[in-house]
Amino acid sequence: MKLLSLLFHSREFHRQLEESRSKLYRVAYAWCHDAALADDLVQETLSKALSKASQLRDAKLLQSWLFSIMSNCWRDHFRRLRGTEELDGLDEAVLVSDSSPEEDHARNQIVSRVRTAIANLPMGQRQVVTLVDLEEFSYAQVAEILNIPVGTVMSRLCRARKELKMALLVQQQDWSQVAIRRIK
């Protein structure tokens with residue numbers, strides 16, 4: 001009976017890991033803006049999670065445990081690089097919908113502006129804003145994931161939101177000053 005319980009737990013654990021892959025990728029991509037690197041981080045995270053599954057004491061904490069592993073993988077990546085590689089270049093999101101081309105274009109512009117604004121944030125702020133605002137982790141969970149005090153999470157999030165607001169307002173003003181000429 002115990003063997004069946006372990007087998008079921010293992011299958012359930014694998015299923016939950018697979019379901020977490022897209023969330024992990026979304027945050028990894030928000031952190032690094034490189035599809036290949038984000039995929040590598042997710043792979044490394046899932047690999048470590050599988051090999052260290054016995055360390056997870058409470059199945060309810062799986063998500064924060066996985067993001068904590070990914071945060072450590074991200075730090076390890078920078079340790080290996082030692083500042084030798086620039087992480088630039090945003091891939092444009094392709095949004096498929098039933099809306100008009102004008103609506104798609106407007107949505108793509110907004111997504112691009114927000115991604116650019118997030119990419120320009122310092123790494124600590126970028127991590128906190130993606131975990132809290134995109135993945136909806138609590139401040140305590142983010143503090144645990146990033147191994148920082150809750151107060152630091154709160155201050156980084158506050159600064160990140162202010163910087164995002166200012167960056168997006170500046171972009172909006174820049175766009176409102178663009179004049180469209182009619183060519184005959």
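In this predicted model, the largest nonpolar core has 40 residues. Trp65, Phe67, Leu131 and Val142 have the most contacts inside this core. Two or more core residues come from each of H1, helix H2 (35–51), helix H3 (62–81), H4, H5, helix H6 (139–146) and helix H7 (150–176). Nonpolar side chains in soluble globular proteins tend to be buried together.

**Core and fold**

- The chain holds 7 helices and 0 strands, and from the N terminus on its elements run α-α-α-α-α-α-α.
- Of the 184 residues of the chain, 31% count as buried.
- Among contacts in the chain with a separation of 6 or more, 66% are between residues 24 or more positions apart.
- Trp65, one of the core residues with the most contacts, touches Phe13, Ala49, Lys52, Ala53 and Leu56 when neighbours within four places in sequence are left aside.

**Buried polar residues of helix H5**

- Gln127 is a residue of helix H5 and counts as buried, because its relative accessibility is 9%, under the 20% limit.
- Beyond residues up to four places away in sequence, Gln127 touches Trp31, Ser71, Trp74 and Leu146.
- Thr130 also belongs to helix H5, and at 1% relative accessibility Thr130 counts as buried.
- The contacts of Thr130, not counting residues up to four places away in sequence, are Val27, Ala30, Trp31 and Glu135.
- Thr130 and Val27 are 103 residues apart along the chain, yet their C-alpha atoms are separated by 6.4 Å.
- Trp31 is in contact with Gln127 and also with Thr130.

**Salt bridges**

- The count of salt bridges comes to 9. Side chains of opposite charge can pair when their charged atoms come close.
- Glu135 and Arg26 form a salt bridge through their side chains, with an N to O distance of 2.8 Å. Glu135 lies in the loop between H5 and H6 and Arg26 in helix H1, so this pair ties together parts that are 109 residues apart in sequence.
- The two partners differ in burial class: Glu135 counts as buried at 7% relative accessibility, whereas Arg26 is partly exposed with a relative accessible area of 41%.
- Glu135 is also among the contacts of the buried residue Thr130.
- Within helix H1, the side chains of Glu19 and Arg15 meet in a salt bridge at 2.3 Å, N to O. About one helical turn separates Glu19 and Arg15, because they are 4 residues apart in helix H1.
- Arg15 counts as partly exposed, with 37% relative accessibility.
- Asp76 and Arg79 form a salt bridge in which the closest N and O atoms are 2.7 Å apart. Both residues lie in helix H3, 3 residues apart, which is about one turn of the helix.
- Asp76 is partly exposed at 22% relative accessible area, and Arg79 is partly exposed at 48%.
- The Asp76 and Arg79 pair belongs to a network of salt bridges that links Glu44, Lys48, Asp76, Arg79 and Arg80.

**Largest pocket**

- The largest pocket has a volume of about 290 Å³. Of the 12 residues that line it, the closest to its centre are Arg26, Tyr29, Ala30, Arg115 and Leu134.
- Helix H1 (2–32), helix H4 (101–119) and helix H5 (123–134) each supply at least two residues of the lining.
- H1 gives the most to the lining of this pocket, with 4 residues.
- By class, the lining has 7 nonpolar, 2 polar and 3 charged residues.
- Arg26 is one of the lining residues closest to the centre of the pocket, and its side chain meets that of Glu135 in a salt bridge.
- Ala30, another of the lining residues closest to the centre, is touched by Thr130 of helix H5.

Notes: Residues numbered from 1 in each chain as written. Predicted model: local features only at pLDDT ≥ 70, side-chain atom pairs only at ≥ 80, totals over all residues. Heavy atoms only, no water. 1 Å grid on protein atoms, 1.4 Å probe; cavity = no way out; pocket = protein on both sides within 12 Å on 5 of 7 lines; lining within 4 Å. Points joined across faces, edges and corners; volume = space filled by probe spheres on them. Nonpolar A, V, L, I, M, F, W, Y, C, P; charged D, E, K, R; others polar. Core = buried A, V, L, I, M, F, W, Y, C linked by side-chain atoms within 4.5 Å. Buried < 20%, exposed > 50% of the residue type's maximum accessible area, 1.4 Å probe, protein only. Contact = heavy atoms within 4.5 Å. Salt bridge = Lys/Arg side-chain N within 4 Å of Asp/Glu carboxyl O.
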